[in-house]
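Biologist: I am new to reading structures, and I would like to know what stands behind the words people use for them. Could we go through one together?

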Amino acid sequence: LSSAASSGGTNFGTGNFTMECWVYPTVTPGTNWIPIMSVGAIGGGQEIRIGQNINGTGKSGYLIPNNTNNADVYSGVTTLTLNAWSHVALVRNGSTVTYYVNGVSQGSTASVSFNFTSTGNFLIGFDPYGASDGYFPGYITGVRVTKSAVYTGTFTVPTSQIGRAHV
């Protein structure tokens with residue numbers, strides 16, 4: 001579990017970005033919306049998050065700001081396999097945000113225009129709101145955040161070190 005103050009590297013504005021990592025969940029979460037990785041601040045529309053157990057559904061997915069940065073858009077789309085590694089990636093490419101698991105799109109939100117200027121913390125495996133959403137039950141590795149759309153369609157997941165990340 002990790003936290004780091006953002007140095008501006010996660011201030012995406014209206015530009016493209018990719019947030020990705022490998023996850024190994026060991027149990028089905030018992031609480032709502034367990035974070036895998038998150039950047040931003042407390043308050044509706046100020047956070048981008050990849051998480052698990054969205055609204056208690058057991059699904060993995062993402063949270064992004066709405067287009068006026070005053071509320072959150074949730075999308076729970078797939079169940080991560082327990083006791084196995086999965087690669088997850090959230091990509092903004094132009095006006096579309098897409099969530100990938102193991103190189104395959106699990107869903108997207110079109111016509112996004114949010115301007116993400118949050119300088120909040122970059123968090124791995126725990127909740128920016130304290131303990132209300134809990135901690136990710138398992139392992140997280142290979143975290144990378146870039147200001148580019150690394151993936152724009154189905155892809156073969158990286159099997160070796162994916163390069164130096166700048167956050």
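Biologist: How many aromatic pairs does a search of the whole structure find?

Modeller: The search finds eight aromatic pairs. Before we look at one, please keep in mind that this is a predicted model, where local features need pLDDT of at least 70 and side-chain atom pairs count only at pLDDT 80 or more, while totals for chains, interfaces and linings use all residues. Residues are numbered from 1 along each chain as its sequence is written, and side-chain values use heavy atoms, with hydrogens and water left out.

Biologist: What makes Tyr100 and Phe155 an aromatic pair, and which kind is it?

Modeller: Their ring centres are 5.3 Å apart, with 70° between the planes. Rings of Phe, Tyr and Trp (its six-membered ring) pair if their centres lie within 6.5 Å, and planes under 30 degrees apart count as stacked, over 60 as edge-to-face and the rest as tilted. Set against those limits, Tyr100 and Phe155 are a pair of the edge-to-face kind. The two come from distant parts of the chain, 55 residues apart: Tyr100 is in strand 8 and Phe155 in the segment after strand 11. Elsewhere, Phe12, Phe17 and Phe116 form one aromatic cluster.

Biologist: You mention strands. How many helices and strands does the protein have?

Modeller: There are zero helices and eleven strands. Both kinds are DSSP runs numbered from the N terminus, with at least four residues (H or I) for a helix and at least two (E) for a strand.

Biologist: What is said to lie over the face of Phe114, and at what distance from the ring centre?

Modeller: That is Arg92, at 4.3 Å from the ring centre. The rule asks for NZ of Lys or CZ of Arg within 6 Å of the ring centre and within 35 degrees of the ring normal, and Arg92 qualifies.

Biologist: How do you know that Arg144 and Glu20 form a salt bridge?

Modeller: Their closest N and O atoms are 2.6 Å apart. A salt bridge needs a side-chain nitrogen of Lys or Arg within 4 Å of a carboxyl oxygen of Asp or Glu, and this pair meets that limit. Arg144 sits in strand 11 and Glu20 in strand 2, 124 residues apart. The search of the whole structure finds two salt bridges; Arg49 and Glu47 also meet in one, at 2.7 Å from N to O.

Biologist: Why do Arg144 and Glu20 get the label they have, buried or exposed?

Modeller: Buried means under 20% relative accessible area, exposed means over 50%, and partly exposed is in between (1.4 Å probe, protein chains only). Arg144 has 13%, so it is buried. Glu20 has 0%, so it counts as buried too.

Biologist: And why does Thr156 get its label, buried or exposed?

Modeller: Thr156 has a relative accessible area of 74%, and is therefore exposed. This residue is in the segment after strand 11, and its C-alpha atom is 5.6 Å from that of Gly103, 53 residues away along the chain. Gly142, in strand 11, has 32% and is therefore partly exposed.

Biologist: What makes strand 5 mostly covered?

Modeller: In strand 5 (residues 60-65), six of its six residues are buried. That holds for both faces: Ser60, Tyr62 and Ile64 on one side, Gly61, Leu63 and Pro65 on the other.

Biologist: How do you know that strand 4 and strand 5 pair?

Modeller: Two strands pair if DSSP finds at least two bridges between them. Strand 4 (residues 47-52) and strand 5 are joined by four and run antiparallel. One of the links is between Gln52 and Ser60.

Biologist: Which residues touch the most other members of the largest nonpolar core?

Modeller: They are Met19, Ile48, Ile50, Ile64, Val88, Leu90 and Phe114, out of 26 residues. Such a core is a set of buried Ala, Val, Leu, Ile, Met, Phe, Trp, Tyr and Cys residues joined through side-chain atoms within 4.5 Å. A second, separate core has six residues, including our aromatic pair, Tyr100 and Phe155.

Biologist: What is unusual to look at in the loop residues, such as the phi of Asn102?

Modeller: Asn102 has a positive phi of about 55° although it is not a glycine. Its place is the loop between strand 8 and strand 9. Ser111, in the loop between strand 9 and strand 10, also has a positive phi, near 60°.
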